[in-house]
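Visitor: I have a structure to look at today. Could you walk me through the reasoning behind its labels?

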Amino acid sequence: MAEMKPIKFSDEALALSHKIMKRYPEGKQKSAILPVLHLAQAEFGGWLSAPVMDYVASLLSIQPVEVYEVASFYSMYNLKPVGKCVIEVCRTGPCWLMGAEDLVKFIEKKLNIKEGQTTADGMFTLKTVECLASCGTAPMMQIGETYHENLTFEKCSDILDNYKAKGENVSHWRKERITNHSDIKQ
Amino acid sequence: MGRQLLINDLDKEGIATLPGYKAHGGYVALEKALKMKPEEVVSEVQKSGLRGRGGAGFPTGMKWSFIAKPPGVPRYLVCNADESEPGTFKDRYLMQRKPHVLIEGMIISSFALGANVSYIYIRGEMMYQFHILEKAIQEAYDAGYLGKNILGTGYDLDLYVHCGAGAYICGEETGLIESLEGKRGNPRIKPPFPAVKGVWQCPTVVNNVETLAAVVPIINMTGDEYAKIGIGKSTGTKLISASGHINKPGVYEIELGVPVEEFLYSDQYCGGIRNGKKLKAVVAGGSSVPILPGEKLLKTPKGEPRLMSYESLSEGGFGEGTMLGSGGFIVMDEDTSVVKNLWNFTRFYHHESCGQCSPCREGTGWMEKILHKFLDGHATMADIDLLWDIQSKIDGRTICPLGDAASWPVASAIRHFRSEFEEYVKNGENMRDIQHYYRVNNLQPA
Ligand SMILES: Cc1cc2nc3c(=O)[nH]c(=O)nc-3n(C[C@H](O)[C@H](O)[C@H](O)COP(=O)(O)O)c2cc1C
Ligand code: SF4
Ligand code: FES
C-alpha cells in the first residue's frame, strides 16, 4: 500500500500553477484546469487519483465534480495508475497506412503486455492514441514530451531499451520545465 | 517551385528565435500594421481574399468584420492550434520551426480586432511546441512587441498559450471555447456565433495557425498583391501536409492552383507513389473530406486536370469531387483496403464524438460495428445499404460538423468503392485479420 502522504504540489509546481491561473480574467481561474491537471499528473506519478483531483479543485476554488468531469473527458489524463513511461502509439489513418497496427503488435510482444496494460516491473504502459499531427513521419509514438518518428521495429526496440535502462519517470510536463519556468509568462 | 511565404526561410540559422526571425524580415509587418488603423488592417485582409486554413475555408476578412463591438466588453482572438484532423501536421511544423510568424500574425490580428488579451489554444500532446511558443512569446515581450504600449503606439496586448489535453472535438471552434473555459469540449449550439458570444460570453474570433501566420505576408505585400497569387477565389499559398504511400511525405507550401498531378508526382512535392506502386485513392483534405479514386482526383468530371484549389477540388460536388479542407493529403496505393481504412476513420470519429447528439453518438458507433462485420467476414450485402442509410441520417442533423465529417468518408467510400465492400461480403473469410484492434477496443461482433 502507498504511504499516506499529504497531497500538495512542490513549491515550484505551486508557483507555476498560480502563474497559470493569472492568465485568465478575474474570476475565470477555472480556465487553468487543463494545464494544472497536467502539472498534477507530472507531480503525482503520472495519474490523477480522486484525492489529487480534489486538491486541484481546492487550488482553483471550484467543486471537485467540475474537475472529475473534465479529467474524464480528455484522453491525456490517466485515471488509473500507469507505468513510469507511457508509450502512446498513434493508431489513426495515415499511421495505420504506414504500419501502426504491426508496430502495436510488436510492442505488445516485446513487452509482453496488451494495449492498455502495464508491465509487471511498472516500467511501461502501452496506450494507443489518435493522430498526433506527425503523419508525414509515420508510424510514430509519443513518450512524454518526445515524438519518436519514422519508426521501424528495430528503432522502436532500441528506444524502449533506452528508456528502460534509464528507468526514469517520464511525463508530458517534464520536471525541469516545472522547476525552471522563468520563460512561462503569467 | 511557386512562391513560398510561410516556410520560405526555415533553413536560415536561428529562424526560430527573435533575432534570427528579425534578420529575415520579421516584425516589419507589425511595425507597418501598427501605423495603420485597425479597420485598414481588416480591409487589407479582406482584399487579400484569404480563406480560413483550418478546414472550412471561410473568408477571414469577412469573419473579422462580424465581430461585435459592444462598449466596455473585451474582445478575444483565439488561435486554433489544436491540429488534430487526421492527416494534418502543418501547424505543428510551422510553430516548431518559425514560432514568431504566428506570434507576429497574432499581434497584428489582435490589433485589427481590438483584442487586448489573446490565446493560443495548442493541443496538449504538443507540449514541446508549447514550450517553444512560451519562449518565443517571452522574447516578444522583452522586445516590446507584447505587453503595455507596444512600440510606443498605446496599444496593449497580452498573449498566452493554453494547452488542451487530448480531444479532437476541441478543434471545433465552440468546443475549443468551452475547453478554454475549463470545461469538457462540448460544442455549442449556434447561433449565437463566437463573434457575438465566444469565450466567457465575449465577442471572439477563432482562427487557425496558418490563417494567422498568413496575415504577416499580407500586410507586408498588401492584400491586393497577395490576391494575385493563386487562382480565382483560392488566393495565396497553402501548406499541404502530404502523407501515406508517397516517396516524399512532408509539409509543402504551394501556390493554390498547382495541378494535383504535379503535386502528387513531381519531385518538388510528393515525388510519386512509393515502391513503384499505382495510385488507388486519395483523401485530399484531412480525414473528414470525401475519399476519391485516383482518376477522379486527377481529373474533374469535365475531364480537365484538377487543381489544388478550393473550387477545383470540390468540382463535381459530393458525387464526383471532394474538398481542400485542412490540406491533409493522404495517399493510398493499390494495395490499400479502402474498407479497412474507412473502419479506422470511423473508429476515430466514434471515439472522438462528444456524445451530445444522438445521430453522431450512436450513428458513429453503429457504423464502426458494421464495418467490423465486413472486416470480420460476416457482413451481408444489406449491410452496405445499412451503412449508407446511417451515414445519411447523421449528415446535417447534429450540433457541430463532426457528424458530417463522420458521414462523408462513409458515403464517398461506398459511392466510389462499392465493389470492394461486396468483395468483403463474398470473400470475407480470406480477408479478415483485424482481431487485434477488435480485442483491444473491447468490441463485440455486431
Ligand atoms: C470536429 C472538428 C475539428 C476541427 N479541428 C480543427 C483543428 O484542429 N484546427 C483548426 O484550425 N480548425 C479545426 N476545425 C475548424 C474550426 O471549427 C474552425 O472552423 C477554424 O478554427 C476556424 O479558423 P479558420 O477560419 O482560420 O480556418 C475543426 C472543426 C471541426 C468540426
Ligand atoms: S456532432 Fe458529435 S461531436 Fe458534434 S456536438 Fe454532436 S455529438 Fe458532439
Ligand atoms: S495519423 Fe499518426 S500522426 Fe497523424
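**Labels and reasons**

Guide: Start with Tyr21(B), which is buried at a relative accessible area of 4%. Keep in mind that this model is predicted.

Visitor: Why is Tyr21(B) called buried?

Guide: Buried means under 20% relative accessible area. Tyr21(B) has 4%, so the label is buried. Tyr27(B) has 1% relative accessibility, so Tyr27(B) counts as buried too.

Visitor: What makes the ring pair of Tyr21(B) and Tyr27(B) edge-to-face?

Guide: Two values decide. The ring centres are 5.4 Å apart, and the planes stand at 85 degrees. Rings pair if their centres lie within 6.5 Å, and planes over 60 degrees apart count as edge-to-face. Both conditions are met, so the pair is edge-to-face. Over all chains, the search of the whole structure finds 26 aromatic pairs.

Visitor: Why is the pair of Phe58(B) and Phe66(B) called tilted?

Guide: Their centres are 6.4 Å apart, with 45 degrees between the planes. Under 30 degrees would be stacked, and over 60 would be edge-to-face. The angle of 45 degrees fits neither, so this pair is tilted.

Visitor: Are Phe58(B) and Phe66(B) buried or partly exposed?

Guide: Partly exposed. Phe58(B) has 37% relative accessibility, and Phe66(B) has 47%. Partly exposed lies between 20% and 50%, so both values earn that label.

Visitor: Which residues do ring pairs link into a cluster?

Guide: Tyr24(A), Tyr76(B), Tyr119(B), Tyr160(B) and Trp200(B).

Visitor: Why is strand β9 of chain B said to be largely enclosed?

Guide: Count its residues. Five of the five, residues 279–283, are buried, so the rest of the structure largely encloses β9(B).

Visitor: How do you know that β9(B) pairs with β11(B) and β10(B)?

Guide: Two strands pair if there are at least two bridges between them. Four bridges join β9(B) to β11(B), residues 328–333. Three bridges join β9(B) to β10(B), residues 291–293. Both counts reach the cut-off, so both are pairings. Each one is antiparallel. Leu279(B) has Asp333(B) as its bridge partner in β11(B), and Val282(B) has Leu292(B) in β10(B).

Visitor: What makes the approach of Gly54(B) to ligand 1 a polar contact?

Guide: A backbone N or O atom of Gly54(B) lies 2.7 Å from an oxygen atom of ligand 1. The cut-off is 3.5 Å between N or O atoms, so this is a polar contact. Polar backbone atoms also lie 3.0 Å from a ligand 1 oxygen at Glu173(B) and 3.3 Å from one at Ser84(B). Taken alone, ligand 1 exposes 610 Å², and the protein buries 91% of that.

Visitor: What classes of residue make up the shell around ligand 1?

Guide: Four nonpolar, eight polar and six charged residues. Strand β4 of chain B, residues 204–208, gives the largest share, three residues.

Visitor: Why point out Thr222(B) and its phi?

Guide: Most residues other than glycine have a negative phi. Thr222(B) has a positive one, near 80 degrees. This residue sits in the loop between α9 and α10 of chain B. At 31% relative accessibility, Thr222(B) counts as partly exposed.

Visitor: Where are the cis peptide bonds of Pro191(B) and Pro192(B)?

Guide: Both prolines lie in the loop between α8 and β4 of chain B. The bond from Lys190(B) to Pro191(B) is cis, with omega near -5 degrees. The bond from Pro191(B) to Pro192(B) is cis, with omega near 0 degrees. Most peptide bonds are trans.

Technical notes
Residues are numbered from 1 along each chain as its sequence is written. Chains are lettered from A and ligands numbered from 1 in the order in which they are written. This is a predicted model: local features need pLDDT of at least 70, side-chain atom pairs count only at pLDDT 80 or more; totals for chains, interfaces and linings use all residues. Side-chain values use heavy atoms; hydrogens and water are left out. A polar contact is a pair of N or O atoms within 3.5 Å; within protein, one must be able to donate a hydrogen and the other to accept it, and residues adjacent in sequence count only if both atoms are side-chain atoms. Accessible areas come from the Shrake-Rupley method with a 1.4 Å probe; for residues, only the protein chains shown count as cover. Helices (H or I, at least four residues) and strands (E, at least two) are DSSP runs, numbered from the N terminus. Ala, Val, Leu, Ile, Met, Phe, Trp, Tyr, Cys and Pro count as nonpolar, Asp, Glu, Lys and Arg as charged, and the others, Gly among them, as polar. Buried means under 20% relative accessible area, exposed over 50%, partly exposed in between (1.4 Å probe, protein chains only). Rings of Phe, Tyr and Trp (its six-membered ring) pair if their centres lie within 6.5 Å; planes under 30 degrees apart count as stacked, over 60 as edge-to-face and the rest as tilted.
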